[in-house]
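Biologist: Please take a close look at a single part of this chain. I am new to the structure, so start with the whole and then go to the part you choose.

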Amino acid sequence: MATRPSGRVAVYPGTFDPLTNGHVDIIQRGAALFDRIVVAILINPTKSPLFTIEERLEMARAVFKSRPGVEVDTFDGLLVDYARRRQASVIVRGLRAISDFEYEMQMALMNRHLSSTIETILMMPAESYTYLSSRLVKEVFALGGSVRGLVPDLVEARLKEKTGVGSGLRV
Ligand code: PNS
(Lines give C-alpha, C1' and ligand atoms only; values in the text may rest on other atoms or scores of the structure.)
Protein backbone atom coordinates (compact mmCIF):
# COMPACT_ATOMS: atom_id res chain seq x y z
CA MET A 1 0.00 0.00 0.00
CA ALA A 2 1.27 3.49 -0.85
CA THR A 3 2.27 5.58 2.12
CA ARG A 4 0.23 8.70 2.71
CA PRO A 5 2.17 11.96 2.41
CA SER A 6 2.27 13.91 5.63
CA GLY A 7 -0.81 16.06 5.93
CA ARG A 8 -3.99 16.40 3.94
CA VAL A 9 -3.70 16.97 0.22
CA ALA A 10 -6.37 18.58 -1.97
CA VAL A 11 -6.48 18.83 -5.75
CA TYR A 12 -7.92 21.92 -7.42
CA PRO A 13 -8.52 20.94 -11.06
CA GLY A 14 -9.44 23.15 -13.97
CA THR A 15 -8.62 24.55 -17.38
CA PHE A 16 -7.20 27.86 -16.12
CA ASP A 17 -7.14 29.52 -19.55
CA PRO A 18 -6.09 31.86 -18.05
CA LEU A 19 -5.77 31.82 -14.27
CA THR A 20 -8.00 34.57 -12.81
CA ASN A 21 -8.02 36.27 -9.44
CA GLY A 22 -11.12 34.21 -8.67
CA HIS A 23 -8.98 31.06 -9.03
CA VAL A 24 -6.24 32.67 -6.94
CA ASP A 25 -8.79 33.45 -4.23
CA ILE A 26 -9.97 29.83 -4.09
CA ILE A 27 -6.39 28.53 -4.07
CA GLN A 28 -5.51 30.79 -1.14
CA ARG A 29 -8.60 29.69 0.77
CA GLY A 30 -7.75 26.05 0.02
CA ALA A 31 -4.13 26.54 1.07
CA ALA A 32 -5.37 27.74 4.46
CA LEU A 33 -7.43 24.56 4.94
CA PHE A 34 -5.12 21.86 3.58
CA ASP A 35 -1.46 21.02 4.09
CA ARG A 36 -1.00 21.02 0.34
CA ILE A 37 -3.20 22.09 -2.54
CA VAL A 38 -2.26 20.88 -5.99
CA VAL A 39 -3.51 23.14 -8.78
CA ALA A 40 -4.04 20.58 -11.55
CA ILE A 41 -4.35 21.92 -15.10
CA LEU A 42 -6.18 19.58 -17.44
CA ILE A 43 -4.35 18.63 -20.65
CA ASN A 44 -7.29 18.58 -23.03
CA PRO A 45 -6.39 18.02 -26.69
CA THR A 46 -10.01 18.53 -27.77
CA LYS A 47 -10.09 22.20 -26.68
CA SER A 48 -8.19 25.00 -28.37
CA PRO A 49 -7.10 27.19 -25.50
CA LEU A 50 -5.60 30.65 -25.83
CA PHE A 51 -2.59 29.68 -23.71
CA THR A 52 -0.74 26.41 -24.24
CA ILE A 53 -0.55 23.97 -21.37
CA GLU A 54 3.11 24.94 -20.86
CA GLU A 55 2.20 28.64 -20.69
CA ARG A 56 -0.61 28.02 -18.22
CA LEU A 57 1.66 25.86 -16.07
CA GLU A 58 4.45 28.43 -16.12
CA MET A 59 2.12 31.37 -15.28
CA ALA A 60 0.46 29.58 -12.38
CA ARG A 61 3.84 28.44 -11.03
CA ALA A 62 5.14 32.01 -11.22
CA VAL A 63 2.09 33.36 -9.37
CA PHE A 64 2.50 30.84 -6.52
CA LYS A 65 6.29 30.52 -6.49
CA SER A 66 6.70 31.87 -2.98
CA ARG A 67 3.58 30.24 -1.58
CA PRO A 68 4.46 27.10 0.38
CA GLY A 69 1.72 24.51 0.29
CA VAL A 70 0.67 25.35 -3.27
CA GLU A 71 1.89 23.14 -6.10
CA VAL A 72 1.01 23.46 -9.78
CA ASP A 73 0.89 20.42 -12.06
CA THR A 74 -0.83 19.13 -15.20
CA PHE A 75 -2.90 16.00 -15.63
CA ASP A 76 -4.76 14.03 -18.23
CA GLY A 77 -7.24 11.19 -18.01
CA LEU A 78 -9.65 10.81 -15.12
CA LEU A 79 -9.39 13.34 -12.33
CA VAL A 80 -9.99 10.71 -9.63
CA ASP A 81 -7.07 8.63 -10.96
CA TYR A 82 -4.84 11.68 -10.78
CA ALA A 83 -6.09 12.49 -7.26
CA ARG A 84 -5.34 8.91 -6.18
CA ARG A 85 -1.82 9.11 -7.64
CA ARG A 86 -1.27 12.33 -5.71
CA GLN A 87 -2.77 10.71 -2.59
CA ALA A 88 -5.28 13.53 -2.38
CA SER A 89 -8.45 12.91 -0.39
CA VAL A 90 -10.24 16.07 -1.51
CA ILE A 91 -11.17 17.76 -4.78
CA VAL A 92 -11.70 21.51 -4.42
CA ARG A 93 -13.90 23.43 -6.86
CA GLY A 94 -15.08 27.01 -6.81
CA LEU A 95 -18.78 27.87 -6.75
CA ARG A 96 -19.53 31.39 -7.93
CA ALA A 97 -23.28 31.30 -8.28
CA ILE A 98 -26.25 28.95 -8.31
CA SER A 99 -25.76 28.61 -12.07
CA ASP A 100 -22.48 26.74 -11.37
CA PHE A 101 -24.17 24.36 -9.01
CA GLU A 102 -25.74 21.86 -11.38
CA TYR A 103 -22.51 21.23 -13.30
CA GLU A 104 -20.45 21.05 -10.11
CA MET A 105 -22.87 18.67 -8.43
CA GLN A 106 -22.92 16.43 -11.49
CA MET A 107 -19.12 16.28 -11.54
CA ALA A 108 -18.88 15.76 -7.79
CA LEU A 109 -21.33 12.86 -7.86
CA MET A 110 -19.70 11.29 -10.92
CA ASN A 111 -16.33 11.53 -9.20
CA ARG A 112 -17.83 9.96 -6.06
CA HIS A 113 -19.25 7.17 -8.21
CA LEU A 114 -15.75 6.60 -9.58
CA SER A 115 -14.02 6.88 -6.22
CA SER A 116 -16.03 6.83 -3.01
CA THR A 117 -13.09 7.86 -0.86
CA ILE A 118 -12.44 11.22 -2.54
CA GLU A 119 -14.67 14.06 -1.35
CA THR A 120 -15.46 17.20 -3.35
CA ILE A 121 -15.54 20.47 -1.47
CA LEU A 122 -17.16 23.49 -3.15
CA MET A 123 -15.74 26.80 -2.02
CA MET A 124 -17.16 30.29 -2.57
CA PRO A 125 -14.76 32.99 -3.74
CA ALA A 126 -14.89 36.56 -2.43
CA GLU A 127 -18.09 38.25 -3.60
CA SER A 128 -16.13 40.58 -5.85
CA TYR A 129 -15.12 37.61 -8.02
CA THR A 130 -18.52 35.96 -8.39
CA TYR A 131 -19.02 37.33 -11.91
CA LEU A 132 -15.51 36.46 -13.08
CA SER A 133 -14.61 33.71 -15.55
CA SER A 134 -11.65 32.96 -17.81
CA ARG A 135 -13.96 33.15 -20.81
CA LEU A 136 -15.17 36.67 -19.94
CA VAL A 137 -11.63 37.83 -19.20
CA LYS A 138 -10.57 36.77 -22.71
CA GLU A 139 -13.64 38.37 -24.27
CA VAL A 140 -13.27 41.69 -22.44
CA PHE A 141 -9.55 41.83 -23.20
CA ALA A 142 -10.10 40.98 -26.87
CA LEU A 143 -12.57 43.84 -27.17
CA GLY A 144 -10.16 46.33 -25.62
CA GLY A 145 -11.58 46.38 -22.07
CA SER A 146 -9.45 46.46 -18.95
CA VAL A 147 -8.83 43.24 -17.05
CA ARG A 148 -6.74 44.96 -14.37
CA GLY A 149 -7.53 43.47 -10.97
CA LEU A 150 -9.36 40.52 -12.53
CA VAL A 151 -6.24 38.47 -13.25
CA PRO A 152 -2.77 38.46 -11.67
CA ASP A 153 -0.54 41.24 -13.13
CA LEU A 154 1.65 38.62 -14.73
CA VAL A 155 -1.32 37.11 -16.57
CA GLU A 156 -2.41 40.56 -17.77
CA ALA A 157 1.11 41.13 -19.12
CA ARG A 158 1.05 37.75 -20.89
CA LEU A 159 -2.32 38.55 -22.46
CA LYS A 160 -0.80 41.76 -23.85
CA GLU A 161 2.34 39.97 -25.05
CA LYS A 162 0.35 37.28 -26.76
CA THR A 163 -1.98 39.51 -28.66
CA GLY A 164 -0.77 43.07 -28.81
CA VAL A 165 -2.65 45.28 -26.37
CA GLY A 166 -6.29 44.33 -26.50
CA SER A 167 -6.42 43.90 -30.24
CA GLY A 168 -7.21 41.03 -32.49
CA LEU A 169 -7.35 38.34 -29.82
CA ARG A 170 -9.72 35.57 -30.92
CA VAL A 171 -11.66 34.06 -28.04
O1 PNS B 1 -12.09 24.70 -15.40
P2 PNS B 1 -13.04 23.66 -15.92
O3 PNS B 1 -12.94 23.58 -17.43
O4 PNS B 1 -14.45 23.84 -15.42
O5 PNS B 1 -12.53 22.24 -15.33
C6 PNS B 1 -13.16 21.03 -15.66
C7 PNS B 1 -12.36 19.82 -15.12
C8 PNS B 1 -10.93 19.86 -15.58
C9 PNS B 1 -12.41 19.83 -13.60
C10 PNS B 1 -13.08 18.54 -15.62
O11 PNS B 1 -13.28 18.63 -16.99
C12 PNS B 1 -12.31 17.25 -15.30
O13 PNS B 1 -12.15 16.88 -14.17
N14 PNS B 1 -11.81 16.58 -16.36
C15 PNS B 1 -11.05 15.37 -16.23
C16 PNS B 1 -11.79 14.17 -16.84
C17 PNS B 1 -12.69 13.49 -15.82
O18 PNS B 1 -12.25 13.04 -14.78
N19 PNS B 1 -14.01 13.39 -16.15
C20 PNS B 1 -14.99 12.70 -15.36
C21 PNS B 1 -15.35 13.39 -14.07
S22 PNS B 1 -16.66 14.53 -14.21
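Modeller: About 9,500 Å² of the chain is exposed, and 54% of that area comes from carbon and sulfur atoms. Areas of this kind are computed by the Shrake-Rupley method with a 1.4 Å probe, and for residues only the protein chains shown count as cover. This is a predicted model, in which local features need pLDDT of at least 70 and side-chain atom pairs count only at pLDDT 80 or more, while totals for chains, interfaces and linings use all residues. Residues are numbered from 1 along each chain as its sequence is written, and side-chain values use heavy atoms, with hydrogens and water left out.

The chain has six helices and five strands. These are DSSP runs numbered from the N terminus, with at least four residues of H or I for a helix and at least two of E for a strand. Their order from the N terminus is β-α-β-α-β-α-β-α-β-α-α.

Along the principal axes, the C-alpha atoms fill a box of roughly 55 × 35 × 30 Å. The radius of gyration is 16 Å, which agrees with the value near 16 Å for a compact globule of 171 residues. That radius is taken over C-alpha atoms, and the globule rule is 2.2 Å times the number of residues to the power 0.38. Of the 171 residues, 46% are buried. Buried means under 20% relative accessible area, exposed means over 50%, and partly exposed lies in between (1.4 Å probe, protein chains only). Among contacts with a separation of 6 or more, 76% join residues 24 or more positions apart; a contact means heavy atoms within 4.5 Å.

The part I choose is strand 1, with the loop that follows. Strand 1 covers residues 9-14, and six of its six residues are buried. In a regular strand the side chains alternate between the two faces of the sheet. Here Val9, Val11 and Pro13 lie on one side, with Ala10, Tyr12 and Gly14 on the other, and both sides are covered. Strand 1 pairs with strand 2 in the parallel sense over six bridges; strands count as paired if DSSP finds at least two bridges between them. One bridge joins Tyr12 to Val39 in strand 2.

Phe16 lies in the loop between strand 1 and helix 1. Phe16 counts as buried because its relative accessibility is 5%. The phi of Phe16 is near 50°, a positive value in a residue other than glycine. Pro18 has its place in that loop too, between strand 1 and helix 1 (21-33). The peptide bond from Asp17 to Pro18 is cis, with omega near 0°.

Gln87 also has a positive phi, of about 55°, although it is not a glycine. Gln87 is found in the loop between helix 3 (79-85) and strand 4 (90-94). Its relative accessible area is 22%, so Gln87 is partly exposed.

Strand 2, the partner of strand 1, also serves as cover for helix 2. The buried residues of helix 2 (residues 53-63) are Ile53, Glu55, Arg56, Leu57, Met59 and Ala60. Their cover includes strand 2 (36-42), strand 3 (70-75) and helix 6 (153-163).
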